[in-house]
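Please open the model in your viewer and keep the sequence panel beside it, ready for selecting residues by number. The tour below moves from one selection to the next and says what is to be found at each stop.

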Amino acid sequence: MTKEKTPFFSFDGEMGRIDYWGSAIFRSLIAGLIFFVVLALIFRGYFSSSYEELSTAITQWTSDHAVRVWLLGEILNIFLFLPITWRRWRDLGPRLKKNWLYISVLSSLMPGYEVFPFVGMQSLIITLGILSIYPNFKLLFWPGKRYASLRQSG
């Protein structure tokens with residue numbers, strides 16, 4: 001009996017711990033490659049420049065366009081990481097309540113505190129980051145249904 005692979009962007013099914021780690025690493029490499037290509041296209045005129053000039057240009061551009069960089073990261077986060085987070089949550093079952101999952105997802109979608117220089121927004125971002133430690137720990141390390149079924153059959 002062969003097991004059907006879930007589509008790359010699918011929210012259906014469940015995902016065990018090891019599959020989640022492997023998929024997260026693979027998707028991180030894809031996101032890094034996309035960021036690299038975008039930055040290489042933007043700064044292609046600086047390739048013959050010195051490291052200091054390129055570093056200064058990138059730092060200046062990212063601080064001036066922080067919201068655009070954040071939006072690109074969020075689009076990648078939604079398309080690449082939200083499906084596997086949802087599948088991993090399904091595998092955990094009742095071990096992680098849906099409200100904790102919402103906190104984790106909302107925290108991952110929030111920008112870095114330097115994007116919005118308002119004290120209230122920065123406090124919200126930091127608070128959500130602290131609250132998301134618990135659900136993220138469970139998503140990353142807690143055994144789920146797949147582990148339980150492997151243990152019962154073995």
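Select Ser 132 and show its surroundings: leaving aside neighbours within four places in sequence, Ser 132 is in contact with Ile 103, Ser 104 and Ser 107. In this predicted model, Ser 132 sits in the loop that runs between helix H5 (119-131) and helix H6 (133-141), and with a relative accessibility of 5% it counts as buried. Turn next to the side chain of Ser 132, which reaches the backbone oxygen of Gly 129 at 2.9 Å.

From this loop, move into helix H6 and select Leu 139. Is Leu 139 buried or exposed? Its relative accessibility is 1%, and since buried means under 20%, Leu 139 counts as buried. If residues up to four places away in sequence are not counted, Leu 139 touches Tyr 20, Thr 85, Arg 88, Trp 89, Leu 92, Leu 96, Leu 101 and Ser 104. Ser 104 is thus a residue to keep displayed, as it is also among the contacts of Ser 132. For a distance across the model, draw a line from the C-alpha atom of Leu 139 to that of Val 38, which is 101 residues away along the chain, and the separation is 30 Å.

Now extend the selection to Trp 86, Trp 89, Leu 92, Leu 96, Leu 101, Val 105 and Leu 139, the seven residues that make up the largest nonpolar core. Helix H3 (66-92) and helix H4 (98-109) each supply at least two residues of this core, and the largest share, three residues, comes from H3. As background, nonpolar side chains in soluble globular proteins tend to be buried together.

While H3 is on display, select Asp 91 and Arg 88, which form a salt bridge whose closest N and O atoms are 2.7 Å apart. Because the two residues lie three places apart in helix H3, they are separated by about one helical turn. Colour both by accessibility, and Asp 91 counts as buried at 0%, as does Arg 88, also at 0%. Arg 88 is, moreover, one of the residues that Leu 139 touches.

How many salt bridges does the model contain? The count comes to two, and to see the other one, select Lys 145 and Glu 14, where the closest N and O atoms are 3.2 Å apart. Lys 145 lies in helix H7 and Glu 14 in the segment before H1, so this pair ties together parts that are 131 residues apart in sequence. Here Lys 145 is partly exposed, with a relative accessible area of 41%, and Glu 14, at 32%, likewise counts as partly exposed.

For the last stop, switch to a surface view and select Trp 21, Ile 25, Leu 29, Phe 137, Phe 141 and Trp 142, which form a nonpolar patch with about 620 Å² of accessible area together. Helix H1 (17-42) and H6 each supply at least two residues of the patch, and H1 gives the most, with three. Finish on Trp 142, which lies in the loop between H6 and helix H7 (145-153), and which is partly exposed, with a relative accessible area of 34%.

Definitions and conventions
Residues numbered from 1 in each chain as written. Predicted model: local features only at pLDDT ≥ 70, side-chain atom pairs only at ≥ 80, totals over all residues. Heavy atoms only, no water. Helix = DSSP H or I, 4+ residues; strand = E, 2+ residues; numbered from the N terminus. Buried < 20%, exposed > 50% of the residue type's maximum accessible area, 1.4 Å probe, protein only. Polar contact = N/O pair within 3.5 Å; in protein donor to acceptor, adjacent residues only side chain to side chain. Contact = heavy atoms within 4.5 Å. Patch = residues over 30% accessible without salt bridge, like charges linked within 9 Å, V, L, I, M, F, W, Y side chains within 5 Å. Areas by Shrake-Rupley, 256 points an atom, 1.4 Å probe, with all protein chains shown as cover. Salt bridge = Lys/Arg side-chain N within 4 Å of Asp/Glu carboxyl O. Core = buried A, V, L, I, M, F, W, Y, C linked by side-chain atoms within 4.5 Å.
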